[in-house]
Structures are given as structure tokens and as C-alpha cells.
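Work through the following exercises with the sequence and the structure open beside you. Each task is followed by a solution that goes step by step.

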Amino acid sequence: MATLADSFLADLDELSDNEADIIEEDEVDASNMEEDIDGDMADIEALNYDDLDNVSKLQKTQRYTDIMQKVEDALQKGSDTSDHGLVLEDDPEYQLIVDCNALSVDIENEIVIIHNFIRDKYRLKFPELESLVHHPIDYARVVKKIGNEMDLTLVDLEGLLPSAIIMVVSVTASTTSGKPLPEEVLQKTIDACNRALTLDSAKKKVLDFVESRMGYIAPNLSAIVGSAVAAKLMGTAGGLSALAKMPACNVQLLGAKKKNLAGFSTATSQFRVGYLEQTEIFQTTPPSLRMRACRLLAAKSTLAARVDSTRGDPSGTAGRAFREEIRKKIEKWQEPPPAKQPKPLPVPDSEPKKKRGGRRLRKMKERYAVTDMRKLANRMLFGVPEESSLGDGLGEGYGMLGQAGSGKLRVSVGQSKLAAKVAKKFKEKNYGSSGATSGLTSSLAFTPVQGIELTNPQAHAHQLGSGTQSTYFSETGTFSKIKRN
């Protein structure tokens, strides 16, 4: 039986064997990686960027040749509807359309590569041209047209560029720092331009084929934007499935070009709009509503592409319904706002409204009426600064208080009728039935002659009064006899 020490030694031997195997594997991987790096470096060194064939290889591939041959045969034969009862994925024509969409994306990438080649070569002759003409095909056409000519007044660019861009190109060419290209470099540049134009024509042919089959492949999308625009959208997106997975905000930008206004106004230019601006709905919409219509078109086109990708409606009814919905919404946007209805006058002979009145309402109005003091505080004299609670115009202003000529801040407020009635009631009220005098009465009186004197406050209470009452209704009064002279 093995001891504990023997088992430990056996475990150590196994660990050392595993470490040796791992080190050998790492050495093999490192040697393979060095071989791969050396091979890549050899390929990079062997790649000659001055040679167009080493840069652009798509046209020499067997895939490009086979697909273009099938497209030309299908265009000559026309549309065949005999196999349209098959499942969409099993239809060979659908597979050809999928290959065409993938090829159109590859052609687009190849044109960009050739455009970079042309730009690098022609930069010595006209370095400012690449900042004035952004589109690769337009750039290739302009370079092929200009060639080695230094005076652009002798070159007719009409039909290749807009008139505003032609003027800017001509003015820039007169002040350029470029020099004529050598004959060999110029020939390579012209060959690259021809290859780019050939690829562009091949792409158009592929799109024409896809467009002719769009009524079968994407009937709902074609019902909204048309077959031509639907084919361009599918070709740029890379197929119907890729278009269906794309959000509407990206569908709106498919085919958008980088626009160069050359300093001109941006008021009439449409930005962030791709192939959707070629649709009939977009062109018939007023300019002020075109961006809203483009967003609506992109949203409905995405829904239609998702319906077509699942073959949900091969008849195209959903697409036509979407198109009708878009048309109704755009018409709704163009409707004028509803006119403001005039408020009708009341009927002359109608019954008068019941207005609240009576003693309670009069008391309430009198209680909450604006006092004379508040009226003066709300008024202002022009040219006369008003006094304020904090001085220097700060705090609450006093208005015309104290400015009426008296020099006083407060005004004497007359007693209201309500207050007079309350005072009279309070005076007439008899506190207690014993006839005792009020404890608030005093026997001291202030007179202007003697100052303070003692008086009997009850003496006036027994008098009946003065004036007419003491003359005619007094118990001690008598008739007076007036002597006549």
C-alpha cells in the first residue's frame, strides 16, 4: 500500500508532465503565428497600390461573371410566372435576386475603393476637386473629362455637374497649385475612371432586373414607393430581410448623398433624404411638408418590407392600404385650420337674467367697497414722486395720499351708512332695566374758559333736548307773543 509521501510525489510528476506539454504547445502556436505574420507582410509587400488590378478585383471574380450573365439572360427572357407558386425561398429567381442585392453592395464598395485610387492619383493635378465633387461616379466623370487640361474654360462640364458647382470648379482650377500628371499616371487614372463607370452601369443593370421582379418579391413595398425605389432600397440595404430589420430612421437615409452647396443658400435644399425623394408621393407633396412626408414614407415602407419578408400579403393589399393612409394624412396636413366662429348676440326679447338684490347684497357691497383712502393710494400724479413705505421708491407706494394739499398722510373718512346705523342701535340699546347710569360717565368736563370743571352728567339726561323740541314739545314751554311795531 502506497504511503502519503508516495502519492504526493506521483502528483508532482503529473504536474511537471502537463507543464512540459503546455510549453511545447505554446512554442508551436508562437511559431505558427510568426509564420502567419510573415505571410501577411509578404502579401502586403507584394501588393502594388500603383496597379489598378491589385486594388480592384471584383470584375475578375467568377461570382461577378456568373451573376451578370444570369441577369442579362433573365432580362432578355422577361418575367416568368410559372414557378411563382413555389415557396419564396425555394424559387431560383428569388435566390438570384438575393445574389443581386449582395452583388450591388459589393459593387458599391468596389466603386469606393476605385474612387480612392483615382483621388490619390489625381490629387497631384487638382487637389481641390475632391472637396468640391463628393460623389464617386461624378468625380470619375469629371476627372475623365478634364484629363490633363489646365484651362477649364476649354472643358465643357455641362450635364455632369450642376451649374453652380461648375462655376466653383472653374474658379478653383484657375488658382490651383497642381501640376500636369505624367502620361503613365494619367493613363492609370483614366482606366480607373472607366472601370468605375463600368461597375456603375453593371449596378444599374442589376437594379433594373430587381425592379422588374419587385412586383413578385415585394408587392407591398412596391405599392408604396414604386418598383424602382423599392429595388434601390433593397439593393442598398442588402436584401429584403436586411431592409425589414432596419429601423425607419435609417431607411429614410438610404441613398442619401453628401451635398456640397459651395456657399449657396440652404433654404431650398433637402437634407437627410435618400431614395425616398424619388417617389411620387414625395414629389407631389408641398415643400413645407416634405420632411414630414418622408418620415411617414419611411415608417410605412419599413412596415411593408416586414410584411413582404414574411410573405404576409402576396397580393399587395396591405401596401395599397398604407399608400392610401399616407395620402389621406398628407391631405389632412394641407387643410386650413377651422375658422373662428363668431359669438352670437343674445335674443333681444329674451327674459332678463335674475340679478341678486336686497338689503343683504347692499350691505355686502358697502362692506367690501373701495374706500377713499384706497382710491387715493391707487392714483398717481404725473411729475410728482410718490411716497413709499421704505423710502426712495422702495416698498409699497402711497400714491396721492398726502398730496391733496393738506400735507397729511391720512385722509378723513366719512362714516358709512352701515356704521351709522350700527352706532345708533348701540346707543339706543338699554343695558339693564334699573335705570342706573353707565360707569363710564365722568363728572369732569373740559371747557375752553375754565379748563376743568365739575358737571352733573345726569342733568342732560332729563332735558328733552334743544331747538324745536325744547320750544314746541316741552312741558314747561309757553307760547311767546311777538310784538309788532
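**Exercise 1. Determine how many helices and strands the protein has, and what percentage of its residues count as buried.**

Step 1. In this predicted model, the protein has 21 helices and two strands.

Step 2. Of its 485 residues, 27% count as buried, where buried stands for a relative accessible area under 20%.

Step 3. Turning to contacts with a separation of 6 or more, one finds that 60% of them join residues 24 or more positions apart.

**Exercise 2. Check the length of helix α16 against the expected span, and work out which of its residues are buried and which are exposed.**

Step 1. Helix α16 comprises the 18 residues 317-334, and at 1.5 Å a residue these should span 26 Å. The C-alpha atoms at its ends are 26 Å apart, which agrees with that expectation.

Step 2. The buried residues in α16 include G319, F322, I326 and I330. Because these residues cover an arc of only 70 degrees around the axis, they are on the same side of α16.

Step 3. The spacing can be understood from helix geometry: an α-helix has 3.6 residues a turn, so residues three or four places apart point the same way.

Step 4. K328 and K332, by contrast, are exposed and lie on the other side of α16.

Step 5. As for the partners of the buried residues, they pack against α10 (219-225), α14 (280-284) and α15 (290-309).

**Exercise 3. Decide whether R306 counts as buried, partly exposed or exposed, and find which residues it touches beyond four places away in sequence.**

Step 1. R306 is located in helix α15, which is one of the helices that the buried residues of α16 pack against.

Step 2. The relative accessibility of R306 is 38%, and therefore R306 counts as partly exposed, since that class lies between the 20% and 50% cut-offs.

Step 3. Leaving aside residues up to four places away in sequence, R306 touches A244 and M246.

Step 4. R306 and L240 are 66 residues apart along the chain, while their C-alpha atoms are separated by 8.3 Å.

**Exercise 4. Describe the largest cavity by its volume and by the residues that line it.**

Step 1. The structure holds one cavity of 30 Å³ or more, and the space in the largest cavity is about 30 Å³.

Step 2. Its lining is formed by K125, F126, E149, M150, L152, A173 and T176.

Step 3. Sorted by class, the lining of the largest cavity has four nonpolar, one polar and two charged residues.

Methods: Residues are numbered from 1 along each chain as its sequence is written. This is a predicted model: local features need pLDDT of at least 70, side-chain atom pairs count only at pLDDT 80 or more; totals for chains, interfaces and linings use all residues. Side-chain values use heavy atoms; hydrogens and water are left out. Helices (H or I, at least four residues) and strands (E, at least two) are DSSP runs, numbered from the N terminus. The expected span of a helix is 1.5 Å times one less than its number of residues. Buried means under 20% relative accessible area, exposed over 50%, partly exposed in between (1.4 Å probe, protein chains only). The arc is that of the directions from the helix axis to the C-beta atoms. Contact means heavy atoms within 4.5 Å. On a 1 Å grid over the protein atoms alone, a cavity is a set of points where a 1.4 Å probe fits but cannot get out, and a pocket is an open set with protein on both sides within 12 Å along at least five of seven lines; lining residues have an atom within 4 Å of a point. Grid points are joined across faces, edges and corners, and a volume is the space filled by probe spheres set on the points. Ala, Val, Leu, Ile, Met, Phe, Trp, Tyr, Cys and Pro count as nonpolar, Asp, Glu, Lys and Arg as charged, and the others, Gly among them, as polar.
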